[in-house]
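I am opening my notebook on a structure that is new to me. Come along while I look things up one at a time.

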Amino acid sequence: MALIQKNNKTSSVQDRKGVDDLKNFINDHIYKSSQSAMPLRWNEKTGTKRTILLIDDDKDMVEIGRKIIVSAGYHFISTSNGNDGLDYILKYRPDLILLDYVMPGITGAEVFERLVTSQRYKHLSQTPVIMLTAKSEYDINRATLFEMGLAAFLVKPFGHRELINVIDNVFILHQVKQKNKELEQKIRRSEYKYQDLIENANDLIYTLNLKGDFIFINRRLSTLTGFPREEWVGRSFFDLVAPEDRIEARNNFSLTLRGKARMFEIRLICQTGAPLYLSMNINPIYEKGEVVGAIGISRDITQRKKLEQEITELKNFNESIIQSMGSGLITLNLNNKITSFNISAEEILGYKQNDVVGKHIYDIFPKQECERLISINTTNYKYPLNREMELTRKDDSKVFIGYSVSSRIDNHNLKVGTIISFRDISQIKQMQMEVVRMDRLASMGVLASGIAHEVRNPLAGIKTMAQTLEEELEPADDRREYLTRIISQVNRLDELLKSLFSFAKPQQPKRKYQRLEDIIREVEVLFDDRLTKKNIQYLKNIQKNLPQIFVDFHQIQQVFINLFLNSLEAMPKGGVLELLAKPVQTIIYPRDRRKKAFVSENRESLYVEVSVHDSGVGINPEDKKVIFDPFFTTKPQGTGLGLSIVYRIIEEHHGEIVFDSETGKGTTFTLLLPTED
Ligand SMILES: Nc1ncnc2c1ncn2[C@@H]1O[C@H](COP(=O)(O)OP(=O)(O)OP(=O)(O)O)[C@@H](O)[C@H]1O
Ligand SMILES: [Mg+2]
């Protein structure tokens, strides 16, 4: 039992193993030997009988001893004094020594003492010794001798069975002791091994008490954090945790104390200040069914975290590129389900990323369009293909896109999906159409001016003849009326030809500093008569000290003539025509073909703002987009060139023209005319 008790100091697994070993041993050697004593008499190492040395000066005792011992099956040797005994011990290496306590010369006690203490006998010091004493020798300090390792005392006189029993028992005990020693050594060795493993483990291994203070920490802590571990034994584990992770660490720790093993990730504070990422694994430690602390194994995952961070950053970087791309980008997986949809795609197509990601492309666009869009998918085309098509937007309107489709390839060069990148080319398409139209108009213009030129000469002839004829007729002649009509029709034709000229062959503006009043005055002279005739009230408000404008006098005059004409024509039953002018400081943003303003140079300039307002019929809302288009007219006699000429002249002056109109109420055209180059 004492042996087992001693083993209890080691870990429990070892403990059990030790006990089992001992049981087996007792079973094999002791239990069996009681049935047959033979194994006890036999020295397994030498393969001979066990030798028993008796050191005693009493000759009778020696003789009796020899008889008993030999007959019990042991080998027997003897000597009569202590000094010889010690020599015998060295020479014969007996398995057991019977030592008489009282002898002449050195006593048995002295022999024993030398045997166990002297360096000379060190290798034999474990030999079991039985001390033979007489009944009268009470003063012997038995306890000291036992402490020194004496196996037994045998009091003389003793019976023959008693001697053999004692000898057998001492052998058994000795073997048990020996075995126990071996086991102890074994356990110690494995203990060292485990300790070594724990100490030098690549992971941080530690135990914590209920408060979370370190009880044990392995060496790794110092290497990882740079703090000496001695500093941390007894201190709170949470002080080592980065402040932002402490709550999480505490929560997990308290769960562990409630019996739950926890795995989580936190950061520790390092001596250098750099964060140390750990993957934590903490388990409760139980004692008698109650949690008394926690054992933790933590692994340094800083490198992994760094990689993760780099990957996330890379992902974000890619994502931001994809999202901020001017082109729309749609990616599909092999099943043609949408896996990403960037901001430009949202803008061009009107769908939101969340509406479409995860959906099948056929659920988003009409079948035919899908087939055109992803035809590459079926024909394993390796290179991106640039094409154009019309795609249906969310609101069912169409958008012209120029697109390229390519395969998404993974690391192993396998196709994992499709990438569609596209641009809204509606504007380009419209511009292309416009160019075609302008081209057509230009050739029409050339044709028209050619004809006009040819027509104007005979027309001038007709007019001169008619005027001559008119002069020759009597003032009261009825036929004068015909001539007046001829002349006015010729004049109308001439006006039309002039418009055609200025449309087909626009002149470069010859810009000079002009006073707006001078230009307007000449226009007013032209219109004076007609205004009165048509019962139109003319109002004018030109601010005093208006800055001069930097314009081509005749072209701007043409602008006002065209605007006044339109206003007059919009007020067949009379009304009000109003002209206002004032200086303004502003920026004119250039506009594209869709009349969308875009910022170029953020510089304010001084302009003269002139507005021409009439109380006429107004412009139909659906016509508002096209009134500046050449040849757009709502009038049976109109050419539709008036406003297109106005527009072009203002553009060439780097000015601006806008309008506001309400059917039935009237129209206002507002111009910005530059005051400098
Ligand atoms: N002040 C206005 N009030 C109402 N409608 C207008 C006004 N100005 C222009 N419009 C509309 O814009 C159209 C185009 O005008 P534009 O001056 O270019 O051609 P037009 O007047 O029809 O023909 P032209 O000027 O060649 O005789 C007009 O037909 C008319 O429908
Ligand atoms: Mg007009």
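My entries below go through the cores, the ligand, and then a few single residues.

**Entry 1: the model.** I note at the outset that this is a predicted model.

**Entry 2: the largest nonpolar core.** I began with the inside of the protein. In soluble globular proteins, nonpolar side chains tend to be buried together. Which members of the largest nonpolar core touch the most others? I found Leu-516 and Phe-560, in a core of 41 residues. I then looked up which elements supply at least two residues each: helices H18 (516-533), H19 (553-570) and H20 (642-652) do, and so do strands S19 (536-542), S20 (549-551), S21 (575-586), S22 (605-614) and S24 (666-674). Helix H19 gives the most, with eight residues.

**Entry 3: around Leu-516.** I wanted to see what Leu-516 touches, leaving out residues up to four places away in sequence. My list reads Ile-542, Leu-546, Ile-549, Phe-560, Ala-581, Val-608, Val-610 and Leu-673. Phe-560 on that list is the residue I had just written down beside Leu-516.

**Entry 4: another core.** There is also a second, separate core, with 25 residues. Among them are Ile-52, Ile-68, Phe-76 and Phe-158.

**Entry 5: ligand 1.** How many residues surround ligand 1? I get 20, and the closest are Thr-633, Thr-634, Lys-635, Thr-639 and Leu-643. By class, this shell has seven nonpolar, ten polar and three charged residues. H19, H20 and S24 each supply at least two residues of the shell, and H19 gives the most, with four. I was pleased to meet H19 again, as it also gives the most to the largest core.

**Entry 6: polar contacts of ligand 1.** I checked some distances from oxygen atoms of the ligand. One oxygen lies 2.4 Å from a side-chain N or O atom of Thr-634. For the side chain of Lys-635, the distance from a ligand oxygen to an N or O atom is 2.6 Å. With Leu-643 the partner is a polar backbone atom, 2.8 Å from an oxygen of ligand 1. Taken alone, the ligand exposes 590 Å², and the protein buries 90% of that.

**Entry 7: Ser-644.** Next I looked at Ser-644, in helix H20. Is Ser-644 buried or exposed? I call Ser-644 buried because its relative accessible area is 8%, under the 20% cut-off. Its side chain reaches the backbone oxygen of Leu-641 at 2.9 Å.

**Entry 8: backbone oddities.** Most residues other than glycine have a negative phi, and most peptide bonds are trans. I went looking for exceptions.

- Lys-156 and Pro-157 are joined by a cis peptide bond, with omega about -5 degrees. Pro-157 sits in the loop between strand S7 (152-156) and helix H8 (160-199).
- Arg-93 has a positive phi, near 45 degrees. I found Arg-93 in the loop between helix H5 (82-92) and strand S5 (96-100).
- Asn-545 also has a positive phi, near 55 degrees, and belongs to the loop between S19 and S20. With a relative accessible area of 78%, Asn-545 is exposed.

**Entry 9: Glu-481.** My last stop was Glu-481, in helix H17 (residues 480-504). Glu-481 is partly exposed, at 43% relative accessible area. Along the chain Glu-470 is eleven residues away, and the two C-alpha atoms are separated by 9.3 Å.

Notes: Residues are numbered from 1 along each chain as its sequence is written. Chains are lettered from A and ligands numbered from 1 in the order in which they are written. This is a predicted model: local features need pLDDT of at least 70, side-chain atom pairs count only at pLDDT 80 or more; totals for chains, interfaces and linings use all residues. Side-chain values use heavy atoms; hydrogens and water are left out. A nonpolar core is a set of buried Ala, Val, Leu, Ile, Met, Phe, Trp, Tyr and Cys residues joined through side-chain atoms within 4.5 Å. Buried means under 20% relative accessible area, exposed over 50%, partly exposed in between (1.4 Å probe, protein chains only). Contact means heavy atoms within 4.5 Å. A residue is near a molecule or strand if one of its heavy atoms lies within 4 Å of it. A polar contact is a pair of N or O atoms within 3.5 Å; within protein, one must be able to donate a hydrogen and the other to accept it, and residues adjacent in sequence count only if both atoms are side-chain atoms. Accessible areas come from the Shrake-Rupley method with a 1.4 Å probe; for residues, only the protein chains shown count as cover. Ala, Val, Leu, Ile, Met, Phe, Trp, Tyr, Cys and Pro count as nonpolar, Asp, Glu, Lys and Arg as charged, and the others, Gly among them, as polar.
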